[in-house]
Amino acid sequence: SMNKDLMAVSNSRTAATTFIHHMSVDGGVTNSKQLLAVQANLLGFPISRWQIPEITTFGAAFAAGLAVGYWTDINQITEILESQGSETYAAYYTEEQRNLELARWREKVPFSF
């Protein structure tokens, strides 16, 4: 579940922020702007949502198009995606705020199962 995934990343936050500086997301749950803002703040890096709903489906189509030669270069796909735009949610918590909210999160998560 998303809660488990977020917890896994937040539990290894030091390692994660060493490698992850931005996350792109899709799917029905990303319709919640509040959820994306909370995730960005808890994780400590920006989260972007493409304007194309269910971008994963497009990813499969783009991969198939590359495989059969419809597109010859991944840059063509990048241009298509970038032309559609995205919405980015920035992290604005201080480290102290983030740690406090993560502690609260860890207290509450066991009650959600």
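Which residues form one aromatic cluster? In this predicted model, the cluster consists of Phe-58, Phe-62, Tyr-70 and Trp-71. The setting of these residues is described below, after an outline of the fold.

The protein contains six helices and three strands. Along the sequence, these elements follow the order α-α-β-α-β-α-α-β-α. Of its 113 residues, 27% are classed as buried. When contacts between residues at least 6 apart in sequence are considered, 74% of them link residues at least 24 apart.

The aromatic residues are considered next. Four aromatic pairs are present in the structure. One of these joins Phe-58 to Phe-62 in a tilted arrangement, with 6.3 Å from centre to centre and 45° between the planes. Both residues belong to helix α4 (residues 55-67), and because they are four residues apart there, about one helical turn separates them. Phe-58 is partly exposed, at 38% relative accessibility, whereas Phe-62 is buried, with a relative accessible area of 10%. Another pair is formed by Tyr-70 and Trp-71, whose rings are edge-to-face, 4.8 Å centre to centre and with 90° between the planes. Here, too, the partners are set apart by accessibility: Tyr-70 is exposed, with a relative accessible area of 63%, while Trp-71 is buried, at 16%. The cluster of Phe-58, Phe-62, Tyr-70 and Trp-71 thereby includes an exposed residue, Tyr-70, and a partly exposed one, Phe-58, together with the buried Phe-62 and Trp-71.

The nonpolar interior provides a further part of the picture. In soluble globular proteins, nonpolar side chains tend to be buried together. In the present model, the largest nonpolar core has seven residues, namely Val-25, Leu-36, Ala-40, Leu-43, Phe-45, Ile-47 and Tyr-89. Helix α3 (residues 33-43) supplies the largest share of this core, with three residues. A second core, separate from it, has six residues, among them Ile-55, Phe-62, Trp-71 and Leu-81. Phe-62 and Trp-71 are thus named both in this second core and in the aromatic cluster.

Tyr-89, a member of the largest core, has contacts with several other parts of the sequence. Neighbours within four places in sequence being set aside, Tyr-89 touches Lys-33, Leu-36, Ala-37, Ala-40, Phe-45, Pro-46, Ile-47 and Arg-49. Among these partners, Leu-36, Ala-40, Phe-45 and Ile-47 are also listed in the largest core.

Charged side chains form four salt bridges in the structure. One connects Glu-87 with Lys-33, the closest N and O atoms lying 3.7 Å apart. Glu-87 is located in strand β3 (residues 86-89) and Lys-33 in helix α3, so this pair ties together parts that are 54 residues apart in sequence. Both partners are partly exposed: Glu-87 has a relative accessible area of 23%, and Lys-33 one of 47%.

Two further salt bridges involve residues of helix α6 (residues 95-108). Glu-95 is bridged to Arg-98, with 3.9 Å between the closest N and O atoms. These two residues are three apart in helix α6 and are therefore separated by about one helical turn. Glu-95 is partly exposed, with a relative accessible area of 43%, but Arg-98 is buried, at 6% relative accessibility. The bridge between Glu-101 and Arg-104 has its closest N and O atoms 2.9 Å apart. Glu-101 and Arg-104 likewise lie in helix α6, three residues and about one turn of the helix apart. Partial exposure is found for Glu-101, at 25% relative accessibility, and for Arg-104, with a relative accessible area of 41%. Elsewhere, salt bridges with shared partners join Lys-33, Arg-49 and Glu-87 into one network. Two residues of this network, Lys-33 and Arg-49, are also contacts of Tyr-89.

Finally, the packing of helix α3 against helix α6 was examined. The axes of the two helices, α3 and α6, come within 8 Å and cross at roughly 110°. As this angle falls in the range of 65 to 115 degrees, α3 and α6 are therefore roughly perpendicular to each other. At the meeting of the helices, Asn-41, Leu-42 and Leu-43 of α3 are in contact with Arg-98, Glu-101, Leu-102 and Trp-105 of α6. Leu-43 is also a residue of the largest nonpolar core, while Arg-98 and Glu-101 each take part in a salt bridge.

Note on methods:
Residues are numbered from 1 along each chain as its sequence is written. This is a predicted model: local features need pLDDT of at least 70, side-chain atom pairs count only at pLDDT 80 or more; totals for chains, interfaces and linings use all residues. Side-chain values use heavy atoms; hydrogens and water are left out. A nonpolar core is a set of buried Ala, Val, Leu, Ile, Met, Phe, Trp, Tyr and Cys residues joined through side-chain atoms within 4.5 Å. Buried means under 20% relative accessible area, exposed over 50%, partly exposed in between (1.4 Å probe, protein chains only). Contact means heavy atoms within 4.5 Å. Rings of Phe, Tyr and Trp (its six-membered ring) pair if their centres lie within 6.5 Å; planes under 30 degrees apart count as stacked, over 60 as edge-to-face and the rest as tilted. Axes are lines fitted to C-alpha atoms, for helices over the stretch in contact, and angles run from 0 to 180 degrees between N-to-C directions. Angles under 35 degrees count as roughly parallel, over 145 as roughly antiparallel, 65 to 115 as roughly perpendicular and the rest as oblique.
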